[in-house]
Amino acid sequence: GVRALLRSRWSGGRNRADRETDAAFRALGASFPLDSTAGDDSEQGGRTAGGDSEQGGRWRGGNWEGPLRNEVRCLRQPCPRPACCVCRLLEALAVITFLGTFLTLGLVVRQNVCWNSADQLGLFMTLAQRAALEDLPPAFPLVHAHSHNDYMQAAPLSLALSAGFCSVEADVFPRQDGTSGEMDLFTGHVVPSANRLMDQYLAPLAAIVRENGNGTVHKLSTRLGVCEQQVLLVDFKADPLTAYEALEKQLKHVNSQYGLRVFECYAAGGKALPEARARTGTSPLRVIMSGIGQADTEEVAARMRKRWGAGESCVKIDGRWTDDHQVPAELADVLGMISARWNLATHHHRLEVLAQRGHEHGILLRFWGTPDLAGLWDSLLSAGVDLISTDRVAGLQAFLLGRLFGGIP
């Protein structure tokens, strides 16, 4: 039978490679016993000499010729057939290609999906530490740069200041502090976060002023005569009357704590109080509050004027144009800025007029919702608009520096 044939193959004088091949095949034969009757099917569906097996091979002269024997031979010795080696090579290449594709896809997903604010903050802090170690020069102050919704940046305040921005914006919600029980201000756009305005902006800005010798927020401002007063725009997202009272209280606290008017305060008529203890003779920070509806603006203005007698009001209002694009005369003394949503059809042809009207009253002009386009930025600056609002700090920094030093018209 088949077993006798296998034993006869094993007993023949063959080289070592063939014996190893036959040994493997003998093991397979033991696992699949065949009947000794020629032409009859075995229990496993095979056939004896002269008959084709279901595996597609046949016995010829005591040798098995078919796919199974060829595969066993390829596994036990160097490939006797070039086609077998090519198959192995193609399989290896397929595996390598699959692994490479899988790893590349994983890196892409990690970069684009899993990259979060914590990663951005880590990158920023690494670059900041390297800059400190390399003792790089301080940032050039950019008087027209305004960081919109700065608290949403990877590194609030720090990123904008390191880029030379002279104006930053923070949205706040009034909320009772769970520890002290007093009304406090928390940054946030739709809902309040756990970050206090005092911790993110007021205290850090005051500390920077002290570190710079009671000078300016930007070290080069005094030497260059630009951006001697940093602007902090605080946008109330809820209950403006309560938020106003909380803001005035916090500004007063910081000024008394640092022994000078870090934040500018005002006397009768909205005139800025001088600050002799500051190196520039004026307070280094100016706070403007926004988000006050028309119904509450007059009430807030009345409270501000009441505080002027004691020099205890340290904010101005971000107002709106009248219907005929005039500065509201009844609020001119309490306004520090006028902002408007950008509308190309309405504003483009009267930019210079609007800027001139604001400057006549010492009021800054700003638009929000402007596209981040270099051509539009250039048009706004050429017309006299004071602040360019953007969420892309690095992009506006590059544009303004290029405009100043790179020959951009």
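The exercises below concern strand pairing, salt bridges and a surface patch in a predicted model.

**Exercise 1.** Determine how strand β10 is paired, and whether β10 is enclosed or open to solvent.

Solution.
1. Start with strand β9 (residues 335–341): 5 bridges join β9 to β10, and the two run parallel. Within this pairing, Ile338 has Leu365 of β10 as its bridge partner.
2. Turn to strand β11 (residues 387–390), which is joined to β10 by 2 bridges, again in parallel. Here Arg366 is partnered with Leu387 of β11.
3. Follow the chain: β10, helix α13 (residues 374–383) and β11 make up a β-α-β unit that is right-handed.
4. Check burial. Of the 5 residues of β10 (residues 364–368), 4 are buried, so the strand is largely enclosed by the rest of the structure.

**Exercise 2.** Describe the salt bridge between Asp171 and Lys237, and state whether each residue is buried or partly exposed.

Solution.
1. The closest N and O atoms of Asp171 and Lys237 are 3.9 Å apart; the cut-off is 4 Å, so the pair counts as a salt bridge.
2. The pair links distant parts of the chain, 66 residues apart: Asp171 belongs to strand β4 (residues 165–176), and Lys237 to the loop between β6 (230–236) and α9 (240–258).
3. Asp171 has a relative accessible area of 1% and is therefore buried. Lys237, at 34%, counts as partly exposed.

**Exercise 3.** Locate the salt bridges made by Arg303 and Arg305 of helix α10.

Solution.
1. Arg303 meets Glu299 in a salt bridge, 2.9 Å from N to O. Both lie in helix α10 (residues 294–308), 4 residues apart, which is about one turn of the helix.
2. Both partners are partly exposed: Arg303 at 25% relative accessibility and Glu299 at 36%.
3. Arg305 pairs with Asp333, the closest N and O atoms being 3.0 Å apart. This contact links distant parts of the chain, since Asp333 is in the loop between β8 (316–319) and β9, 28 residues from Arg305.
4. Arg305 is partly exposed at 33%, as is Asp333 at 24%.

**Exercise 4.** Which residues are linked to Arg366 in a network of salt bridges, and how many salt bridges are there by this rule?

Solution.
1. The network links Arg366 with Glu169, Asp318 and Arg320.
2. The count comes to 17 salt bridges.

**Exercise 5.** Identify the residues of the nonpolar surface patch and place Leu103.

Solution.
1. The patch is formed by Val95, Phe98, Leu99, Phe102 and Leu103, with about 560 Å² of accessible area together.
2. Leu103 is found in helix α4 (residues 82–112), and its 56% relative accessibility makes Leu103 exposed.

Methods: Residues numbered from 1 in each chain as written. Predicted model: local features only at pLDDT ≥ 70, side-chain atom pairs only at ≥ 80, totals over all residues. Heavy atoms only, no water. Buried < 20%, exposed > 50% of the residue type's maximum accessible area, 1.4 Å probe, protein only. Pairing = 2+ DSSP bridges. Right-handed = clockwise from strand over helix to strand, strands pointing away. Patch = residues over 30% accessible without salt bridge, like charges linked within 9 Å, V, L, I, M, F, W, Y side chains within 5 Å. Areas by Shrake-Rupley, 256 points an atom, 1.4 Å probe, with all protein chains shown as cover. Salt bridge = Lys/Arg side-chain N within 4 Å of Asp/Glu carboxyl O.
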